[in-house]
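Subject: Structure handover

Hello,

Please find the structure below. My notes on two of its regions follow.

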Amino acid sequence: MNYLSVENISKAYGELKLFSDITFGINKDQKIAFIAKNGAGKTSMLNIITGKETSDSGRIVLRKGINMAYLSQVDDLNEEDTIEESIFNSDNEVLKIIAQYEKALENPENADAYQKAFDLMDHHNAWDFETQYKQILFKLKLEDFTKKVGELSGGQRKRLALAVLLIHKPDILILDEPTNHLDLEMIEWLEEYFRKEKITIFMVTHDRYFLERVCTEIIELDNGKLYTYKGNYSYYLEKKDERLAAEQSSVNKAKNLFKTELNWMRRQPKARTTKSKSRIDDFYKIKEAAHQRRDEHKVQLEIEMHRMGSKIMELEKISKSFGDLAILDKFEYVFQRGERIGIIGKNGTGKSSFLNLLTGDLALDSGEVVIGETIKIGYYTQDGMKAKPGQKVIEVIREFGEYIPLTKGRKISAAQLLERFLFTRKRQYDFVEKLSGGERKRLYLCTVLIQNPNFLILDEPTNDLDIVTLNVLENFLLDFPGCLLVVSHDRYFMDKIVDHLFVFRGDAVVEDFPGNYSDYRAYEDSKDVKQLEEPGKKKLQTSVLSAPVQKGSLSYKEKTEFANIESDITKLNKEKDSIEAEFSSGNVAGDAVNELSQKLQEIIKQIDDKEERWFELSAKLEGE
């Protein structure tokens, strides 16, 4: 069933033409990613679809009765609203009924109001909806309902905007970089949620693991043309390579034919027959095909690096706290030549603060950061570059010099360097404020690298960069001979470029893990399974549920659920024990290993969910 159609839309800003005559559709349950280079108009496309911008031509047709929601990169939450008010401020009838029921629970002396609210919950089957939305809030760690939007961090605001969308259950979700500002735990939960739910999604994202595991279709805008790939990211890469090879083969054939036809044209007399005129018309078509050129320019990163001495950087018992929140406690580390360290951890554990301590942008409470005399730090921050009002792109680079040194004693002009970062001569004289988010990040990356650092510190460098630029940046960093320290929620990026990790656990605990992010996840998953298998462990472990649970009497449906939940857990544990016994016997055939492993993980997940629900219902019973 078609939900939305994009019909022949075009968009330009003055002389800058983004796209023209674009047509495609979004059908029920499709999970589509929209891919294009920075500056090609990805966000403009989403804004046109959602009605925030108008197209120059064409139209958007939304099926009658279809509800669409948009998660933009900048939320429109009211700063004065609380988390609870942000969630309940909607036309969703079920949410209003739940709000009425929650209010009735706070005033149990009013029996009539409670009974009326209870009956409405039953009539609209709101019990399941309430459980689902509280699970979403719990998973997104939005526990304090009374906190105002204006007091939230960037990550918390993103999670709240996401929660509001998911709770309202729209027919179509339009998402612009949904993983930005989320920590890795949140991204993995969102990825799993989207993967399992029957939900219609159209999104822009640079997260390649997200593309791989969530999307069932990819639409690419490439050189002004639209290409559709019915598959995930791996399928897209494979088929795109095949398409480009086929296009190049067609161009090569056209070039050979063009040479033959060109010789024929030169030999022809002035008086031509009807047949020769037809061949002349074909000649011009062949000429056009033979002279097709792809705009396949890529960012070229070739910057000279300062010589690095034997002493790099030493952290001598450094400590930092913000009130009661401890970030580091006498942390020690000696950096070695060529180290490539990734930093991971939940939001609020001090990852960015750690980088600011190393660069001197934040004062230590105690300890010392000793930097070698030959070390030149290049620091790419989340805040990005701060261009002066009215400053042009070329002027940003010229502040570092008219000529920029390259490797092997060569140098190029500021204009030539910008061309290597995909800024045409015309684009170089645009004002910085006219650049897209990705173009600004690319320009900022250029300003960091032209200073010839030998110790690169990157804080979320992948945000807003297109996939083509990301691949080039990754290849550059793989060849970068200096030290690299990077904070990123991009798992693909981390897997590709880092050798080991600093894992920020919170409460000033920092672990050094030998491996990349996928290695770390495999280790953590195996550790969790091992803890579950430890003999003597209680079947129902202490719940980590911290979302507020409304205490009070259970509904009839909840009482039935509670009565059956323990037997469900017992059955699941027996299934788990049976599969583990099969593995222990050593008789599992090679083909069955993956299938059994997947089944075991699903059962463990079901046990966790059941245990979590048991504690939630228990807490409500305690309030009776």
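In which sense do strand 3 and strand 7 pair, and over how many bridges? Strand 3 and strand 7 (residues 200–204) pair in the parallel sense, over three bridges; pairing requires that DSSP finds at least two bridges between two strands. This is a predicted model, where local features need pLDDT of at least 70, side-chain atom pairs count only at pLDDT 80 or more, and totals for chains, interfaces and linings use all residues. Residues are numbered from 1 along each chain as its sequence is written, and side-chain values use heavy atoms, leaving out hydrogens and water.

Strands (E, at least two residues) and helices (H or I, at least four) are DSSP runs, numbered from the N terminus.

On strand 3: A33 has M203 as its bridge partner in strand 7. Strand 3 also runs parallel to strand 8 (residues 217–222), joined by four bridges, and there I32 stands opposite E217. Five of the five residues of strand 3 (residues 31–35) are buried, that is, under 20% relative accessible area with a 1.4 Å probe, protein chains only. K31, A33 and I35 point one way, and I32 and F34 the other. In a regular strand the side chains alternate between the two faces of the sheet.

On the second region: six strands form an open sheet with mixed pairing, in the order 14-17-18-12-19-20. Strand 14 (377–380) and strand 20 (509–513) are its edges, each pairing on one side only. Within this sheet, strand 12 (residues 340–345) and strand 18 (residues 483–487) pair in the parallel sense over four bridges, with R340 opposite L484.

Regards

Methods:
Buried means under 20% relative accessible area, exposed over 50%, partly exposed in between (1.4 Å probe, protein chains only).
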